Amino acid sequence: MATSKKTLEAMLRSPKNVRFSDLFKVCVDNFGEPRQRGTSHAVFKTPWPGDPRVNIQGEKGKAKAYQVRQVLAAIEKLKGLKHESSEDESQK
C-alpha cells in the first residue's frame with residue numbers, strides 16, 4: 001500500500017480512481033479510527049459540526065469520487081484549523 005502522502009497526491013490528481021482501502025487509511029491517519037464501522041459506511045469524527053463530512057463507502061473496491069473530494073476538503077479544513085491554533089499558541 002502506498003504511503004499516505006503519495007495516496008493524497010494521487011487522490012488530488014484523480015479522485016475517480018482511488019481504492020477504498022487507500023481512502024480509508026488516509027481517513028484514519030487524519031481523523032483517527034471511525035466512530036461507525038461494520039456497515040457499508042465508515043463515519044469519521046471531525047472537530048467541526050456539519051460539512052465537510054467524512055463518511056465514506058466502497059463500491060466494488062473503489063471509493064466514490066464525490067466522497068474522495070469531501071475527504072480532501074475535510075483534510076484542507078483540518079490543516080487550516082491546526083494552522084490557526086498554532087498561530088494562537090505562538091501569540092501567547
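Start with Ala42, which stands opposite Ile56 in S2. The model on screen is predicted.

**The S1–S2 pair**

Widen the selection to residues 41–44, strand S1, and residues 54–59, strand S2. These two strands pair in the antiparallel sense, over four bridges. Strand pairing of this kind runs through backbone hydrogen bonds, and can be either parallel or antiparallel.

**On to S3**

Next select residues 62–63, which make up strand S3. Two bridges join S3 to S2, and the two strands run antiparallel. Both can be picked out residue by residue. Gly58 has Ala63 in S3 as its bridge partner. Glu59 stands opposite Lys62, again in S3.

Now select Lys60. S2 and S3 form a hairpin with two residues between the strands, and Lys60 there takes a positive phi near 55°.

**The whole sheet**

Show S1, S2 and S3 together. The three strands form an open sheet in the order S1-S2-S3, with antiparallel pairing. S1 and S3 are the edge strands, each of them pairing on one side only.

**The largest pocket**

Rolling a probe the size of a water molecule over the atoms shows where empty space is left. In this model the largest pocket holds about 150 Å³ of space. Which elements give two or more residues to its lining? They are S1 and S2.

To display the lining of the largest pocket, select these residues:

- Arg35, Val43, Phe44 and Lys45, among the lining residues
- Thr46, Trp48, Pro49 and Gly50, also among them
- Arg53, Val54 and Asn55, which line the pocket as well

Colour the selection by class: the lining has five nonpolar, three polar and three charged residues.

**The helix pair**

Leave the sheet and select residues 4–13, helix H1, with residues 20–31, helix H2. Two packed helices are described by the angle between their axes and the distance between the axes. For H1 and H2 the angle is about 120°, and the axes lie 10 Å apart. That angle makes H1 oblique to H2, because it falls outside 65 to 115 degrees, the range for roughly perpendicular, and is not over 145, the cut-off for roughly antiparallel. Is the crossing of H1 and H2 left-handed or right-handed? The crossing is left-handed.

Definitions and conventions
Residues numbered from 1 in each chain as written. Predicted model: local features only at pLDDT ≥ 70, side-chain atom pairs only at ≥ 80, totals over all residues. Heavy atoms only, no water. Pairing = 2+ DSSP bridges. 1 Å grid on protein atoms, 1.4 Å probe; cavity = no way out; pocket = protein on both sides within 12 Å on 5 of 7 lines; lining within 4 Å. Points joined across faces, edges and corners; volume = space filled by probe spheres on them. Nonpolar A, V, L, I, M, F, W, Y, C, P; charged D, E, K, R; others polar. Axes fitted to C-alpha atoms, helices over the stretch in contact; angles between N-to-C directions. Parallel < 35°, antiparallel > 145°, perpendicular 65-115°, else oblique. Left-handed = near helix turned anticlockwise from the far one by under 90°.
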